[in-house]
Amino acid sequence: QVQLVESGGGLVQAGGSLRLSCAASERTFAMGWSRQAPGKLREFVGAIGWTNTYYADSVKGRFIISRDNAKNTVYLQMNSLKPEDTAVYYCAARKRYSSSWSSGGDYDYWGQGTQVTVSS
């Protein structure tokens, strides 16, 4: 069982930046992030495998995912934030290798979520 602990959410003005962190209890193959806004379906926004990254079109060019394998930690750097980025952000982890890792259904473990609010 992989435990995930997220941090870094908060309130920011439109155009600002935030960095989310997610520490895993052990090394995993892939880690990712999804988000869910009130009344909307959960959206998988991005992920990182051993070295490759995936981004949803809605965040491409604004969000950057990176990882520190020594710390079993993944980061989500969010730039040029918009009010529509407001959501609860969830960290995800897939423990074992798979050629499929760019959607939420590919992940086995999820964090508790952290709120990101972008004011206009």
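**Exercise 1.** Over the face of which residue does R42 lie, at 5.3 Å from the ring centre?

*Solution.* The residue is W110. A charge sits over a ring if NZ of Lys or CZ of Arg is within 6 Å of the ring centre and within 35 degrees of the ring normal. The charged end of R42 also sits over the ring of Y90, 3.9 Å from its centre.

This is a predicted model: local features need pLDDT of at least 70, side-chain atom pairs pLDDT 80 or more, while totals for chains, interfaces and linings use all residues. Numbering starts from 1 along each chain, and side-chain values use heavy atoms, without hydrogens and water.

**Exercise 2.** Classify the pair F29 and Y97, then place both rings.

*Solution.* Start with the geometry. The centres are 5.0 Å apart and the planes at 65°. Rings of Phe, Tyr and Trp (its six-membered ring) pair if their centres lie within 6.5 Å; planes under 30 degrees apart are stacked, over 60 edge-to-face, the rest tilted. The pair is edge-to-face.

Next, the sequence. F29 lies in the loop between β3 and β4, Y97 in the loop between β9 and β10, so the pair ties together parts 68 residues apart.

Then accessibility (buried: under 20% relative accessible area; exposed: over 50%; partly exposed in between; 1.4 Å probe, protein chains only). F29 is buried at 3%. Y97 is exposed at 58%.

Finally, the cluster: F29 and Y97 share it with W50.

**Exercise 3.** Classify the pair F44 and Y107.

*Solution.* The centres are 5.3 Å apart and the planes at 35°, so the pair is tilted. F44 is buried at 12%. Y107 is buried at 6%.

Terms used:
Helices (H or I, at least four residues) and strands (E, at least two) are DSSP runs, numbered from the N terminus.
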